[in-house]
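Good morning, and thank you for making time for this presentation. Please turn to the structure as it comes up on the screen.

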Amino acid sequence: MAVKILVITHRNFASLVHDAKEMVNLPVELDILEVEFGELNNFIDTDTIMKYDLVITSGAHLELIYKEFEELTYHVSFYPLELIEADLVRSLVKASSISNKVILMTYANKTHALEEYVQILRLDLVQLGFKDLNDAKDQLNNYKSMGYQTVIGTSSVCQMAKKLGMNDILIYSSEYLKLELIKAYQLASTKHKMISFGKVKNSFFLHTEGPVFMLDKENMIIEMNKSALNYLKKTQKHEIIGDKLDDYLHLPSLSKIAPLKPYEYKNLMIDPIVINSKIDGYIIYVRGSMNSTKPGSAGKIGSLKSKYKFGNIIHQSQKMKKVILKSKQYATSDAPVLIFGESGTGKELLAHSIHQESNRNSKPFLPVNCSAIPQNILESELFGYEEGAFTGTKKGGKPGYFELAQDGTIFLDEIGELPIDIQTKLLRVLQEKEVIRLGGTQIIPLNVRIITATNRSLVKLIEQQKFRSDFYYRINVLQIDIPPLRERKEDIVGILKSLLSKNGFTKTESEYLVNNSKSSVVLYSWPGNIRELENFVQRFAALKSIANTSLDLLKTFNDILFEFLEEKGHQDSLLHIPSPSLSLENENKLTNDELEKAKIKNVLLQTSGNRNKAAKSLGMSRTTLWRKIKQYNLEAEDTLK
């Protein structure tokens with residue numbers, strides 16, 4: 001598979017990148033994302049960028065990524081393009097042939113030691129930094145009035161200088177870009193191979209049935225599979241990683257025998273890892289030791305599979321993009337995760353997704369709502385019981401949820417509702433990685449990843465002595481906070497369209513309904529979050545049959561929304577519910593003026609009467625919009641109130 005590299009740059013810089021690629025002729029998939037200065041937020045798609053092995057960018061783009069998308073840098077390598085002295089000197093020489101009054105403008109306030117070259121070339125050089133394009137324009141205009149006509153800068157600066165009628169010289173050269181592409185390719189290629197090797201290694205250890213150990217050249221254990229753990233009667237890798245295998249098994253003196261080919265020793269198959277004709281480690285297979293089924297491995301059922309993945313989480317907001325990036329990073333770990341979020345924000349959906357992204361995705365995922373299980377049977381449900389442990393037990397006993405989740409993930413929702421005594425027993429299970437069924441004596445080793453969730457402040461519960469602090473620190477190793485809908489209103493429209501689609505509405509109907517009621521839907525705070533939004537859609541769907549036309553459909557939608565908001569005491573949102581102004585059927589029957597009036601009215605409603613936003617959305621000047629509002633007497637309507 002070819003290495004994939006993305007270059008994020010400005011429009012007039014892209015051709016130079018293409019030229020550099022042709023010069024080096026590398027086996028690489030090179031894509032270019034052309035983004036204007038300061039607009040990366042509108043273009044960046046974290047899911048798409050994560051498909052690349054490496055991203056090349058610089059300046060404001062790179063700073064924005066480090067500031068707003070720090071989590072993204074944990075998944076993808078970013079290669080910064082830096083200014084080099086050779087290109088700066090080349091640009092100065094070129095500028096000196098045009099004028100002796102020269103501006104060197106770069107992002108932020110970076111200055112370069114160029115005094116020696118400036119003296120040789122007899123230049124009047126001014127080095128300027130800028131924070132945005134307006135700042136750059138103001139500074140260039142100011143120095144242009146003082147006689148400076150030649151500008152050296154990056155692509156965005158050169159574009160600005162050209163618009164102002166000044167001479168522009170791009171700092172970067174195709175030769176420099178060629179060298180940087182080669183270095184970036186080498187870095188991306190190495191990372192690509194390491195990731196591929198890691199996946200192969202993980203797959204090998206995951207699917208090999210017998211005990212397998214990986215040793216370094218000093219016989220130290222650096223990796224093993226689940227069967228190897230069971231073989232040594234251990235439950236967690238950290239118990240033996242770093243130990244010498246000689247401490248557990250009788251091995252020959254590998255350094256003395258050490259042929260470069262696999263060889264057998266008693267019940268062991270020893271396969272040397274050879275790099276450059278030297279042994280760098282060993283793979284040890286233990287033969288004839290297939291593990292019999294043990295408590296905790298029986299009782300797994302095919303239905304205990306996670307149903308959702310990150311692709312099922314509908315989002316557009318930067319806040320949710322950061323949540324998903326962090327969650328994907330946490331999915332690679334086996335440490336406990338605590339998800340905090342208000343009711344209805346999608347905590348279980350996120351837990352499913354973390355499991356699906358992890359190496360345990362082929363194993364069970366068992367969600368448990370701690371508040372839904374009666375307290376008198378909660379302990380037996382979690383830990384299981386033996387036959388005769390109490391009245392009414394099943395013959396042969398019953399495995400608990402932790403046993404059923406063996407090798408997979410258990411999700412404990414509403415963890416704040418657990419009684420103190422259950423917290424105490426759970427703490428021991430998490431610490432010792434083992435469980436004993438009620439009424440039993442056998443210790444069952446556990447290999448289960450735990451994800452918990454709550455909508456309550458566990459810190460406050462600790463202060464009220466309703467939650468154990470030691471249990472809190474045990475489950476809160478990795479924490480994820482899901483923001484409520486009112487803090488990520490950009491997501492409401494997409495979620496609403498998806499819910500309408502799931503409830504039998506066509507894509508055209510969903511678009512029509514949402515676009516005509518967007519302002520009121522977004523203005524409402526939705527304290528019940530996605531669950532409340534789903535309730536609204538289900539109520540509306542139940543009355544869909546009474547609507548014969550799209551106009552009726554929109555009227556019904558707004559009536560239900562009005563009723564829904566009124567019963568919840570949100571009269572402020574009621575003022576923004578528009579009356580149906582344009583239906584799918586009557587759109588073709590309107591005159592051009594009527595169509596334009598309806599279009600302007602709808603846009604003004606969607607922007608809550610903000611004329612600047614409305615003008616931009618309509619593609620007209622603010623003056624033209626003001627004239628149209630007067631022409632169609634829209635000020636007299638509720639649109640601008």
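The count of cavities of 30 Å³ or more comes to one. I should say at once that this is a predicted model. The volume of the largest cavity is about 40 Å³. Which residues line the largest cavity? They are Val7, Val17, Ala20, Ile56, Leu81, Leu177, Glu180 and Leu181. By class, this lining has seven nonpolar residues, no polar ones and one charged residue. Two helices, α1 (14–24) and α9, each supply at least two residues of the lining. The largest contribution to the lining of this cavity comes from α9, with three residues.

Helix α9 appears again when we turn to the pockets. The second largest pocket holds about 1000 Å³ of space. Its lining has 29 residues, and those nearest the centre of the pocket are His75, Ile195, Lys199, Thr332 and Glu357. The elements that give two or more residues to this lining are α9 (174–207) and α12 (318–331). Once more α9 gives the most, here with 10 residues. The lining of the second largest pocket divides into 10 nonpolar, 12 polar and seven charged residues.

Let me now step back to the chain as a whole. The chain has 641 residues, and buried residues make up 46% of them. Its secondary structure comes to 26 helices and 22 strands. Of the contacts in the chain with a separation of 6 or more, 65% are accounted for by residues 24 or more positions apart.

I come next to the nonpolar cores. The largest nonpolar core has 33 residues, and those with the most contacts inside it are Leu382, Phe402, Ile410, Leu412, Ile415 and Phe471. Which elements supply at least two residues each to this core? They are β15 (365–369), α14 (375–383), α15 (401–404), β18 (409–413), α16 (420–432), α17 (458–463) and α18 (469–475). Among these elements, α16 gives the most to the core, with five residues. Apart from this core lies another, of 25 residues, including Ile495, Leu496, Tyr524 and Phe540.

One residue of the largest core may serve as an example. With neighbours within four places in sequence left aside, Ile410 is in contact with Leu366, Val368, Tyr401, Phe402, Ala405, Val448, Arg449, Ile450 and Ile451.

Some individual residues in this part of the chain also merit attention. Asp407 is found in the loop between α15 and β18. Although Asp407 is not a glycine, it has a positive phi of about 75 degrees. Is Asp407 buried or exposed? Asp407 counts as buried, because its relative accessible area is 15% and the limit for burial is under 20%.

A second case of positive phi is found at Lys266, which is not a glycine either and has a phi of about 55 degrees. Lys266 lies in the loop between β11 (263–265) and β12 (268–275). With a relative accessible area of 66%, Lys266 is exposed.

On the other side of β18 we come to Pro419, in the loop between β18 and α16. Pro419 is buried, with a relative accessible area of 16%. Leaving aside neighbours within four places in sequence, Pro419 is in contact with Gln375 and Leu378. Pro419 and Ser371 are 48 residues apart in sequence, while their C-alpha atoms are 9.9 Å apart in space.

The last residue I wish to present is His352, whose place is in helix α13 (residues 347–357). His352 counts as buried, at 1% relative accessibility. Which residues does His352 touch, not counting those up to four places away in sequence? They are Ser306, Lys307, Tyr308 and Phe365. With Lys307 there is a specific approach: the side chain of His352 reaches the backbone nitrogen of Lys307 at 3.1 Å.

To close, I return to one element. Helix α9 gives the most to the lining of the largest cavity, and α9 also gives the most to the lining of the second largest pocket. Thank you for your attention.

Note on methods:
Residues numbered from 1 in each chain as written. Predicted model: local features only at pLDDT ≥ 70, side-chain atom pairs only at ≥ 80, totals over all residues. Heavy atoms only, no water. Core = buried A, V, L, I, M, F, W, Y, C linked by side-chain atoms within 4.5 Å. Buried < 20%, exposed > 50% of the residue type's maximum accessible area, 1.4 Å probe, protein only. Helix = DSSP H or I, 4+ residues; strand = E, 2+ residues; numbered from the N terminus. Contact = heavy atoms within 4.5 Å. 1 Å grid on protein atoms, 1.4 Å probe; cavity = no way out; pocket = protein on both sides within 12 Å on 5 of 7 lines; lining within 4 Å. Points joined across faces, edges and corners; volume = space filled by probe spheres on them. Nonpolar A, V, L, I, M, F, W, Y, C, P; charged D, E, K, R; others polar. Polar contact = N/O pair within 3.5 Å; in protein donor to acceptor, adjacent residues only side chain to side chain.
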